Amino acid sequence: MKTTPRSFLRFALVLLAIVILWEGGRAVFNVSPLVMPGVLSVLSSLGTALASGEILHQLAFSFSLIGMGIGIGAGLAVLALIIGAQSRVAAEVMGTVASLFHPLPGIALLPVVILWFGVGKMAIVVIIVHSVFWPLLTNLQAGYRSVSPTYHLVGRNLEMSPTSFAVRIAAPATVPYILAGLRIAWARSWRALISAEMIFGAVAAHGGIGWFLHTRRVFMDTAGLFAGILVVMLVGSLVERVVFGFVERSTIDRWGMNG
Amino acid sequence: MPFKIPNRLRTGGVFVLSLVIALTLTDCSRRESPNAPSADAPLSTVRIAEQFGLAYAPLAVVRSRGLLEARLPGTEVEWIQLGNASAIREAMLAGRLDIGFMGIPPFLIGADKGMRWRVFTGLSRAPLALITTDPAVRSLADLTPEHRIALPQPGSIQHILLSMASQREFGDPNRFDNQLLTLAHPDAMTALLSGAGVTAHFASPPYVYEELAADGTQSILSGREAFGGLFTFIVGVASPDFGDDTRGRAVLQALGVSLAEAMALIQQRDSTVVAELAGQYGVPVGTLQIYLDNPELIYTSRIEGLGRFLEVMTEFGYLTNQGLRLENLVLSEEVLR
């Protein structure tokens, strides 16, 4: 998805329509600001949270957990792929396990995670690893299977070692699948993280963006709550469009692999 | 994209969708007084929210015995179980709830933000305690920044009590704020007793009993010590404007009488009532008897400590509205006497 002036204009128009409807609805139905705060008070809450550095600090903390979770999850997925490539039985067992665990929301595991890993940072990382590992593994396997037999023959013709084949042919050929897997992994880990932080998170020093939402809720700061929701939406969409967009443009788009 | 929707159609779709969303949202708030005062007929329904815990036992008795329904012929009573005071507050703002029960601090936070809800009765006083499994922790002073303290949520009565104790001992109400962990009581108990990273848990009954009965646990602070006296743990709150008209007042009055009857039944240890409660809380009858015999667990409509909570929460900066007056926070000042 490219950001053209046209798409930017469309985005701005949609935003404007939402603001008009929001404020119009508030005025027409005389809604209490405790239920629907004014756009201006939401923006001023957002400004305060940004200026104090609070929300940035919490975002940084959230991202450090996601980074750790995706790192561990991706490492494990590659390891599992390699093991699966060595033996058909292992691959089949893993496929069955994945079909059971892939649909399980990370947050459903929370009570068990508390029992096994306690209530610290570790527990949230474990939940993120869970939400990252299965979609990545499934995509990696699909990508690996999709490597055309011709490529295998080419590799054999060039007398490439298995490692060299994996690094120079199989890996680049699998990039679209890896990226698709990472996209799902990111979306799932972002959701899992925020749910987990809203259920348990430490105040201030160790809190993330989900914790920010939770404290606004308990102290009934509705404008702050909407400011937090805005941040969650903007960050999610920025990573999706800007980060993944950039990576795709500089890899598979450039290589002409994006169908 | 293989299938392309014409641009004009797409923009229209987005517009209509946003309109629907906005209207759905605002629709909730329009029902703030679903039982508009029109006739002298009784309200068709009344919706009451309770939470889980031994402190809510009289409500459980009113519900299971149908005590309120018997006093309000023609009115349907809807009982709702909610997980925390924030959910109750939100349900009331959405106009989906008439009466809720909660701790005093979450009530004050709502009032501070301009919610015109009022306390109409007290429900219980209860033994609260900060319980630890760490033998090296014998008092608040032994808690280091690495220790984690579990409580239901910031702004809860447990959090305010901890702040009060920490203000008194260390001159700093926020001393422990960076090491709090918000967990529902059952999860907190599991985490504490399984050694899963929780050093101490600020518990209420029945968890306080269960935790103290476990091996190697001790209380390092009681609610009473923290508060510096007696205080009401749970109060009954009427949603904004509820109770201003005769119909709402009739409901609150009936509920008050029903609660008094339930409290008397518990006080007399009525065997059917005790057996019912034991079933609800999942403990043997004998255990429930012991729980109820605790002299600090008292069911009464009298409210204590509302003024003091108002004072300290203002001092600590949790309340900022200088216009809050005790007499505006209760439906009738009788409950304060």
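**Exercise 1. The sheet of 6 strands**

Task: In this predicted model, find the order of the strands in the open sheet of 6 strands in chain B, and name its edge strands.

Solution. Step one is the order: the open sheet runs 2-1-3-10-4-11 in chain B, and its pairing is mixed. Step two is the edges. Strand 2 (76-81) and strand 11 (298-299) of chain B each pair on one side only, which makes them the edge strands. Step three looks at one of these edges. Strand 11 of chain B pairs with strand 4 (residues 118-125) of chain B in the antiparallel sense, over 2 bridges. Within this pair, Ile298(B) in strand 11 is the bridge partner of Arg125(B).

Task: State which strands helix 4 and helix 10 of chain B touch, and at what angles they run.

Solution. Take helix 4 (residues 85-93) of chain B to begin with. Helix 4 packs on the sheet and touches strand 1 (45-50), strand 3 (99-103) and strand 10 (234-238) of chain B. Its direction makes about 150° with that of strand 3 of chain B. Then take helix 10 (residues 246-267) of chain B, which packs on the sheet by touching strand 1, strand 3, strand 4, strand 10 and strand 11 of chain B. The direction of helix 10 makes about 5° with that of strand 4 of chain B.

**Exercise 2. The sheet of 5 strands**

Task: Give the strand order and the edge strands of the open sheet of 5 strands in chain B.

Solution. The order in chain B is 7-6-8-5-9, with mixed pairing. Strand 7 (180-182) and strand 9 (218-222) of chain B are the edge strands, each pairing on one side only. From one strand to the next, the twist averages 30°.

Task: Work out which pairs in this sheet are parallel and which antiparallel, using strand 5, strand 6, strand 8 and strand 9 of chain B.

Solution. Strand 5 (residues 129-132) and strand 9 of chain B are antiparallel, with 4 bridges. In that pair Ile131(B) stands opposite Ser219(B) of strand 9. Strand 5 and strand 8 of chain B are also joined in the antiparallel sense over 4 bridges, and here Leu130(B) stands opposite Phe202(B) of strand 8. Strand 6 and strand 8 of chain B pair in the parallel sense over 2 bridges. Ala200(B) in strand 8 is the bridge partner of Ile149(B).

Task: Sort the residues Ala200(B), His201(B), Phe202(B) and Ala203(B) of strand 8 by the way they point.

Solution. In a regular strand the side chains alternate between the two faces of the sheet. In strand 8 of chain B, Ala200(B) and Phe202(B) point one way, while His201(B) and Ala203(B) point the other way. All of these residues are buried.

Task: Describe how helix 6 and helix 7 of chain B lie on the strands.

Solution. Helix 6 (residues 157-170) of chain B lies across strand 5, strand 6 (149-151), strand 7, strand 8 (200-203) and strand 9 of chain B, and runs at about 140° to strand 6. Helix 7 (residues 185-193) of chain B packs on the sheet through strand 5, strand 6 and strand 8 of chain B, and its direction makes about 150° with that of strand 8.

**Exercise 3. Domains and core**

Task: Say how chain B is divided and how many residues each domain gives to the contact.

Solution. Chain B consists of domain 1 (45-126 + 233-336) and domain 2 (129-227). Their centres, taken over C-alpha atoms, are separated by 24 Å. The contact takes 23 residues from domain 1 of chain B and 22 residues from domain 2 of chain B.

Task: Identify what supplies the largest nonpolar core.

Solution. The largest nonpolar core has 164 residues, and those with the most contacts inside it include Trp190(A), Ile99(B) and Leu108(B). Its largest share, 13 residues, comes from helix 6 of chain A. Domain 1 and domain 2 of chain B each give this core at least three residues. Beyond its neighbours within four places in sequence, Leu108(B) is in contact with residues including Leu306(B), Phe309(B) and Leu329(B).

**Exercise 4. One residue of chain A**

Task: Decide whether Asn139(A) is buried or exposed.

Solution. Asn139(A) belongs to helix 6 (residues 121-146) of chain A. Its relative accessible area is 15%. The cut-off for buried is under 20%, so Asn139(A) is buried. Leaving aside neighbours within four places in sequence, Asn139(A) is in contact with Tyr177(A), Ala180(A), Gly181(A) and Ile184(A).

Technical notes
Residues numbered from 1 in each chain as written. Chains lettered and ligands numbered in written order. Predicted model: local features only at pLDDT ≥ 70, side-chain atom pairs only at ≥ 80, totals over all residues. Heavy atoms only, no water. Pairing = 2+ DSSP bridges. Contact = heavy atoms within 4.5 Å. Axes fitted to C-alpha atoms, helices over the stretch in contact; angles between N-to-C directions. Buried < 20%, exposed > 50% of the residue type's maximum accessible area, 1.4 Å probe, protein only. Core = buried A, V, L, I, M, F, W, Y, C linked by side-chain atoms within 4.5 Å. Domains from an automatic or database assignment.
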